[in-house]
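Q: I would like a close look at one chain of this model and at how it meets its neighbour. Please take me through it step by step.

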Amino acid sequence: MAFQILLNVFLGFLWMFFTVSYEPVTFLKGYLLGLVIIFSFRRFFQSRFYLLRVIAAINLVLLFIKELILSNISVIKLVLKPKLDIRPGIFALPTVLEKEWEITILANLITLTPGTLVVDVSEDNKLLYIHAIDIDDVEDAIISIKDSFEKAIMEVSR
Amino acid sequence: MIGIINIIIVLFIIIGAFLSLVAAFGVLKFPDVYTRNHAASKSATLGVMSILLGTFLYFYVEKGHFDSSVLLGIVFIFITSPVAGHLISRAAYNSGVKLWDKSVQDDLKLAAKSKKKN
């Protein structure tokens, strides 16, 4: 991915030198033309066309913000409810992610999800120990959310 | 136009202050370290972020001053505060702080036990 971006910047500079005008707009034009070139030569690269990964990363950031707002609403509900009928507990969640940064992002995402907080990661990076604020009704729903998170992270790293 | 933006700024700052208040209430109300951490690490994050966003918009709209360091502050808080919540609860667990009313607490306990045997 980094190689494709570097190549694209290089093509942008090449366009600036072709047209003998050193404005940012010319660089932008060259960058867009280079984007078209890289897209048409995408089968010669090892990884995917890099714009797809950039879009996936933007999706991940939007998912982060959405989850942060949802989790705040759920915390407000819990705090302002007069009766304290929560049932906290710690459960283990197996993960298929392997690289360290993927697990870090997943843990951050889980911490910002409604009602969950990562307490520990097992030493072989296979299990995440998660403290849930309401264990009985949330667990199934949360596991399905995790599937969507893992999918979104894998979409970026693939 | 300016009026609408002013209302948005006021909303951001009021929501931020309200969320910080809710976080403080949660810290007082919840029974143990972990549930308190839920309130502190989520509500305080979004509260401070939205106050900073309101401040940024105020100085940009009213004074025409684009303060990028405030935006950097938002990003830094967004990245670091879940990590801080995780570290505090992990340190609490590893130094043996008990949970409150447990239901499925055994997962991590079993793992710790099997590690001790080996």
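How far apart are the end C-alpha atoms of residues 70-93 of chain B, and what share of the span is helix and what share strand?

A: This is a predicted model. In it, the end C-alpha atoms of residues 70-93 of chain B lie 34 Å apart. The span is 100% helix and 0% strand. The UniProt record, an unreviewed entry, annotates residues 70-93 of chain B as "transmembrane region". It gives residues 7-28 and 40-61 of chain B that label too. Residues 7-28 of chain B are likewise 100% helix and 0% strand, with 32 Å between the end C-alpha atoms.

Now turn to the neighbour. In chain B, 39 residues are in contact with 38 residues of chain A. Together the two chains bury about 3300 Å². Carbon and sulfur atoms hold 71% of that area. On the chain B side, Lys29(B), His38(B) and Lys42(B) lose the most area to chain A, together 20% of what that side buries.

One salt bridge is counted between the chains. Arg90(B) pairs with Asp120(A), and their closest N and O atoms are 2.8 Å apart. Arg90(B) falls within α3 (68-94) of chain B.

That helix also helps line the second largest pocket. So do α1 (2-29) and α2 (33-62) of chain B, and α3 (50-80) and α4 (100-111) of chain A: each supplies at least two lining residues. The pocket holds about 540 Å³ of space. Its lining has 20 residues. Of these, 18 are nonpolar, two are polar and none is charged. Val61(A), Phe64(A), Ile65(A), Met49(B) and Phe78(B) lie nearest the pocket's centre.

Definitions and conventions. Residues numbered from 1 in each chain as written. Chains lettered and ligands numbered in written order. Predicted model: local features only at pLDDT ≥ 70, side-chain atom pairs only at ≥ 80, totals over all residues. Heavy atoms only, no water. 1 Å grid on protein atoms, 1.4 Å probe; cavity = no way out; pocket = protein on both sides within 12 Å on 5 of 7 lines; lining within 4 Å. Points joined across faces, edges and corners; volume = space filled by probe spheres on them. Helix = DSSP H or I, 4+ residues; strand = E, 2+ residues; numbered from the N terminus. Nonpolar A, V, L, I, M, F, W, Y, C, P; charged D, E, K, R; others polar. UniProt positions renumbered as here; feature names shortened; annotations may be inferred. Contact = heavy atoms within 4.5 Å. Buried area = accessible area lost by both parts, 1.4 Å probe. Salt bridge = Lys/Arg side-chain N within 4 Å of Asp/Glu carboxyl O.
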